[in-house]
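User: I'm new to this structure and would like a close look at one single part of it. Could you pick out one residue's surroundings for me, and then step back to the whole chain?

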Amino acid sequence: MVVESPDELLPRGTWLLANLPPPRLPVAVMDEVFPPQHVEGGRLEVAASAFEPLAGLGFTSIGAAADPEEGVQVVGYASQAATVWVIFYRGALSVLVVKGRESDPRNFHKSLAAWRGKKSAPSWGSFTIQPQHLPAAARSFLTTAAFHLRGGDPDFEELAAELDKGASSVGEVVWTRAAWGEAQALARAGRHRAAVRALEYFEPQLTAEELQFLNEQRRAADAQPPLLDRENRSDQEWIALQADHLNSAHDRLRAAFAEREVSGEANARWIDAARDFRDASDFLYSALDESLARLRSGDRGAADYLLAFLEVDPWCFRSGYVKGRLFTAFSHDVQPAWRRRLAAALLRQVDAGYRREFRSACKLARAVAEPGLVDGLRDRLNHHSDV
């Protein structure tokens, strides 16, 4: 009787999928990321030529192989201490580096299986590209990896960090450029809040000119009138009004989404509706996020606005997630002055039925344990058979 090893019982592609990096960019931007050039042959032939400079770093070609059933093609390069696998998985390019010399490219599945039980193998990718993109992609990889691969005996921990950083930076350049163009267009349209959102994520990578523009848009956004006028509304009334506004924006977005392909104008209305929805979401949650940060830093004066949100119990986009965060935050520091209001909010959770925040509410209930809460729960148990 032949006893199979655990690895032999697994699908061949298990360890490949366990080590492949995530997709970095949409196909539509690949011409910009990796400028195409004229090539002849398929992916394997072009890859063998494009990655040939690995020979100058101490890695010799061990050939190519394919696994049609798994949708995988590979080209291998090996030194005495490591093997570089150039992998195409369902059209997406990744480069993985594993310990040990492999001499047969058909063994790439076993080579990756040997990495089990460790962190993922050092990897660069993945990018869904065509053969004409391969020369530029190979140059990008080699620029990132050459220092660490030279001599054929890399420090795998340093190499892993450098490859991940290099692959991420490829995407950051493209997204920053796209965000810069989008922010300029939004500013021209007078949508300063949206312009700030488009650009601020990339702030550490911005040039001096782009930073100046971002700060100008922040000032312009601050000068814009608010989406709603609070007037003399209480916290509860104000939160309810903002939640209703967010629900209305969400309804408009759904309607615009359903018609987005009817015409160019319909597509533009969908984009505008998405921006309005994001404005409404930020308008509601920015003050809550600020108050929650203050509460976590020890400012108990921030609790009133957060308690008001729980008392209103709005039902809108992200509301369950936010309520769960608030329940968790309050469970770490239940002040006597808050117990009655928290108890009422918790009983509303029971009446509403199971929602995503219910588990967090149960944990808070144990910390509150206020007589009104206990009595309310007993009353519901006695009068409702489905609770």
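Analyst: Serine 111 is buried, because its relative accessibility is 9% and the cut-off for buried is anything under 20%. Keep in mind that we're looking at a predicted model here. As for where this serine sits, serine 111 belongs to helix α5, which covers residues 108-113. And what does serine 111 touch, once you skip residues up to four places away in sequence? The answer is Trp85, Val98 and Glu102.

Now let's step back to the whole chain. Serine 111 has company in being buried: of the 387 residues in the chain, 44% are buried. Helix α5 is one of the helices in a chain that has 16 helices and five strands. The chain is more spread out than a compact globule, because its radius of gyration is 28 Å, while the globule rule gives 21 Å for 387 residues. If you draw a box around the C-alpha atoms along the principal axes, you get roughly 75 × 65 × 45 Å.

How about contacts across the sequence? Take the contacts between residues at least 6 apart in sequence: 63% of those join residues at least 24 apart.

On the outside, the chain has an accessible surface of about 20,800 Å², and carbon and sulfur atoms account for 51% of that. Finally, the charges: the chain carries 46 positive and 53 negative ones, and the mean positions of the two groups lie 3 Å apart.

Terms used. Residues numbered from 1 in each chain as written. Predicted model: local features only at pLDDT ≥ 70, side-chain atom pairs only at ≥ 80, totals over all residues. Heavy atoms only, no water. Helix = DSSP H or I, 4+ residues; strand = E, 2+ residues; numbered from the N terminus. Rg over C-alpha atoms; globule rule 2.2 N^0.38 Å. Buried < 20%, exposed > 50% of the residue type's maximum accessible area, 1.4 Å probe, protein only. Contact = heavy atoms within 4.5 Å. Areas by Shrake-Rupley, 256 points an atom, 1.4 Å probe, with all protein chains shown as cover. Lys, Arg positive; Asp, Glu negative; His and termini not counted. Charge placed at Lys NZ, Arg CZ, Asp CG, Glu CD.
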